[in-house]
Amino acid sequence: MPTFVYMTRCDGCGHCVDICPSDIMHIDKTYRRAYNIEPNMCWECYSCVKACPQHAIDVRGYADFAPLGHSVRVDRDEEKGTIAWKIKFRNGTEKNFLSPITTKPWGQAIPKLAEVPAPSAEQRGSQLLYNEPKYIRLDEGGLHTLESNGLKMKKGVYY
Amino acid sequence: MAYKTIVEDSIDILVVGAGLGGTGAAWEARFWGQDKKIVIAEKANIDRSGAVAQGLYAINCYMGTRWGENNPEDHVRYARIDLMGLVREDLLFDMARHVDSTVHQFEEWGLPIMKNPETGRYLREGRWQIMIHGESYKPIVAEAAKKSADKVFNRICVTHLLMDESKENRVAGAVGFNVRTGDYHVFKSKAVICGAGGASNIFKPRSVGEGSGRTWYAPWSSASAYGLMIEAGAKMTQMENRIVLARFKDGYGPVGAYFLHLKTYTQNGMGEEYESKWFPDLQKMVGKEYLDPEVSHLTHRPIPTCLRNHALISEVNAGRGPIHMVTMQAFQDPHLEEVGWENFLGMTVGQAVLWAATDVDPKNENPELTTSEPYVMGSHATGSGAWCSGPEDVSPPEYFWGYNRMTTIEGLFGAGDAVGGTPHAFSSGSFTEGRLAAKAACKYIDDGKAEGIVVSDSQIGRRKKEIYKPLEHYKIYRNAIVAGDVNPHYINPKQGLDRLQKLMDEYCGGVTVSYMTNEKLLNIGLKKLRVMEEDLESLAAKDTHELLRAWELKHRHRAAECVTQHTLFRKETRWPGYYYRGDALKLDDKNWHVLTVSRRDPNTGEYTMEKAPCYHLVGDDE
Ligand SMILES: Cc1cc2nc3c(=O)[nH]c(=O)nc-3n(C[C@H](O)[C@H](O)[C@H](O)COP(=O)(O)OP(=O)(O)OC[C@H]3O[C@@H](n4cnc5c(N)ncnc54)[C@H](O)[C@@H]3O)c2cc1C
Ligand code: SF4
Ligand code: SF4
């Protein structure tokens, strides 16, 4: 069943419940630990796996077509800004991968738009969005328009 | 039921569904509406919700105007060729002229974008795609949205839009329930931006056991954008234009980077090239304007996605399957091998799980490809969604009614999959559309268009009763039987979904009938959908999780009905490889070079279908 939870590792913290986009990680009332209540609605998206502080969640490929004896493990490290994967094939082959997940410390590089100067009436009347035209080409160039690009909307020939 | 009613009042902008479109809307709305009250209602957790929950390895829509790589009109031309001539060119041009500013912001926010070491430019996968390390794409854009919003309500399944009672056809907010607490949530708002995403699981998936979760589009893409808007009476367009994808078999791993960057290619079970063999016959079906392999070869004009599917489907039906992706050469290069694997780990981990389980190492073995079940969405190589106004400086009168990305319901805007006629927006374009909708929604409010909205307690009470009916129904009838799920008084959401998928598959051109349908079949399908609607009144949910599934099913059912109506209306085969009308197998430009537009009357449930003119702004050649 796509995700499953190791009994001895889970402490019932609920992080997986909080994050699962499919609402299928739930806490079992008897054991007070998490489990996947609806495996056929699991995308193997690994959101819960990445979020579990105990590394208690793992994935066993869909029974319809995935034989037993494999594993794909992940370690996502927000502080280092990396994600590490370890793939184990049924036949024992192993592959490891490491990628960056961000280039900036979390949350600091995004401005609060409530605090930037309010748009002028002219900006409001224009077709420009926040930070435009500067951010379109990162030079002084303006927005593309039908006029600037020598274009015209014409009714389709067959209509 | 003892669920509380929680009212959030005096909202200016309500964002329903915070995926890529919704986060873009919430973020930008704060700039144009610095004192406005901006609220998000999201079914899951905004940090990992929507189609980008597990990340992406590419941004598929980036012009590169700063390096003179492409102009917006080039993108319009490309999307139009891919969609067999029919797109909203005004909306596409508008998205394309803004999308680069979105991507440049993403980079500034910390999204790792790969660079070409020789040129210093973003590393291109293909002409439109740039490669990223996008595992945290969704948390990053979520952070931006959270910085702008006054409040984010996670785990709210929005079930209905609220409508103004003082002015017809004007939106007034939305209602839903908290999937965890069960509480009833009422959001009274001047404007609503709908970003509730596209639809998986309307058609029967290829795997029907545990593996039915391994769909291409996320299993939680519940057609809610369509369900909500159709139900409220918004006009919809191109809903027949469902998409079928050629993907790695069972895992649905994406093929874009494989074709474009790794330069892998396909062959049939005999090891032969097969695609070109089908082109002469196909050209007779669609005409030389839409398929001209010689011109494509000389000018790099793309062969439309659906036509390439057609070749694959036909080859398999001719008994020469399976189709293989030839990876063994490319994967000998360790760098390309790494890209191949990371491509999955960044956006379709399930494909890596599958290859590990089946001992498929693409270095030693060419993996199988197949075509998927159909999906309904509006931001990939397909453009289903609401009929929306374009921007005033681009759109002709037929496409313009005051506010950019506003649907035909006043105050109701769309972004991403919710907007029709704008294929190839992808993640960056959807976010950009959200930004455009947000600016327009602020203007709508500032122009005084949302004054005097009235929502009566009776509307709020009526919806509440409707929402919890499946729980009530379960409580009343559960004890009529000893145990189990077979009950003469009700069906549960899973049983309902199975029924929907089976009938859509068999009557509306799903995978088990090789995507074939016709007028007779479609009419039977519509009849079955109508009967199913009666049974949906007898849906039972044993807890709030099942209540979520119940409302997802209702949204899927409504979208499916609209898809079937549109498929019936368009009497031609416009996109062979996506679906076929067996009774009209040819593309018919004389009668059908038009966009289809539907409206479901919220009072009677009747559909009205029209043809809308298709405007063009560029010629075919560059
Ligand atoms: C496997 C895969 C690969 C892809 N690859 C790429 C790629 O490489 N590059 C690229 O640019 N794009 C790619 N895309 C496309 C991209 O993900 C979409 O185009 C984009 O996410 C669409 O944005 P959206 O806002 O319309 O929908 P989504 O991002 O899906 O957001 C919809 C949101 O609405 C919420 N919601 C749904 N129903 C309700 C409800 N009833 N009430 C409240 N909230 C609700 C959902 O939880 C979700 O948060 C890929 C998609 C998939 C699935
Ligand atoms: S996040 Fe991990 S430890 Fe916490 S409940 Fe889930 S499985 Fe258990
Ligand atoms: S892998 Fe994704 S869908 Fe499956 S349980 Fe975990 S978070 Fe939910």
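This is a short tour of a predicted model, with suggestions for what to select at each stop.

**Stop 1: chain B as a whole**

Start by showing chain B alone as a cartoon. Its secondary structure comes to 17 helices and 20 strands. Along the principal axes, the C-alpha atoms of chain B fill a box of roughly 65 × 60 × 50 Å. A compact globule with 622 residues would have a radius of gyration near 25 Å, and the 23 Å of chain B agrees with that. Colour by burial if your viewer allows it: 69% of the 622 residues in chain B are buried. Among contacts in chain B with a separation of 6 or more, 76% are between residues 24 or more positions apart.

**Stop 2: an open sheet**

Now select strands 14, 9, 18 and 19 of chain B. These four strands form an open sheet in the order 14-9-18-19, with antiparallel pairing. Strand 14 (385-386) and strand 19 (607-613) of chain B each have a single partner strand, so one side of each is left without a neighbour in the sheet.

Zoom in on strand 18 (residues 594-600) of chain B, which is joined to strand 19 of chain B by seven bridges. To find your place in this antiparallel pair, label Val594(B), which stands opposite Pro613(B) in strand 19 of chain B.

Next, add helix 16 (residues 544-569) of chain B. What does helix 16 of chain B lie across? Beneath your selection you will find strand 9 (236-237), strand 18 and strand 19 of chain B, and the helix runs at about 55 degrees to strand 19 of chain B.

**Stop 3: a covered helix**

Select residues 72-82 of chain B, which are helix 2. How many of its eleven residues are buried? The count is eleven of eleven, and the list includes charged residues such as Glu73(B), Asp74(B), Arg77(B), Arg80(B) and Asp82(B). To see what they pack against, show helix 3 (89-109), helix 9 (305-317) and strand 20 (615-616) of chain B. After helix 2 of chain B comes Met84(B), with a positive phi near 55 degrees.

**Stop 4: the ligands**

Bring back chain A and select ligand 3, which lies between chains A and B. Of the 13 residues around ligand 3, the nearest are Cys20(A), Cys42(A), Cys45(A), Tyr46(A) and Cys48(A). The shell around ligand 3 divides into ten nonpolar, two polar and one charged.

Finish at ligand 2, which is surrounded by 13 residues. Cys10(A), Cys13(A), Gly14(A), Cys16(A) and Cys52(A) come closest to ligand 2. By class, the shell around ligand 2 has eight nonpolar, four polar and one charged residues.

Notes. Residues are numbered from 1 along each chain as its sequence is written. Chains are lettered from A and ligands numbered from 1 in the order in which they are written. This is a predicted model: local features need pLDDT of at least 70, side-chain atom pairs count only at pLDDT 80 or more; totals for chains, interfaces and linings use all residues. Side-chain values use heavy atoms; hydrogens and water are left out. A residue is near a molecule or strand if one of its heavy atoms lies within 4 Å of it. Buried means under 20% relative accessible area, exposed over 50%, partly exposed in between (1.4 Å probe, protein chains only). Helices (H or I, at least four residues) and strands (E, at least two) are DSSP runs, numbered from the N terminus. Contact means heavy atoms within 4.5 Å. Two strands pair if DSSP finds at least two bridges between them. Axes are lines fitted to C-alpha atoms, for helices over the stretch in contact, and angles run from 0 to 180 degrees between N-to-C directions. The radius of gyration is taken over C-alpha atoms; the globule rule is 2.2 Å times the number of residues to the power 0.38.
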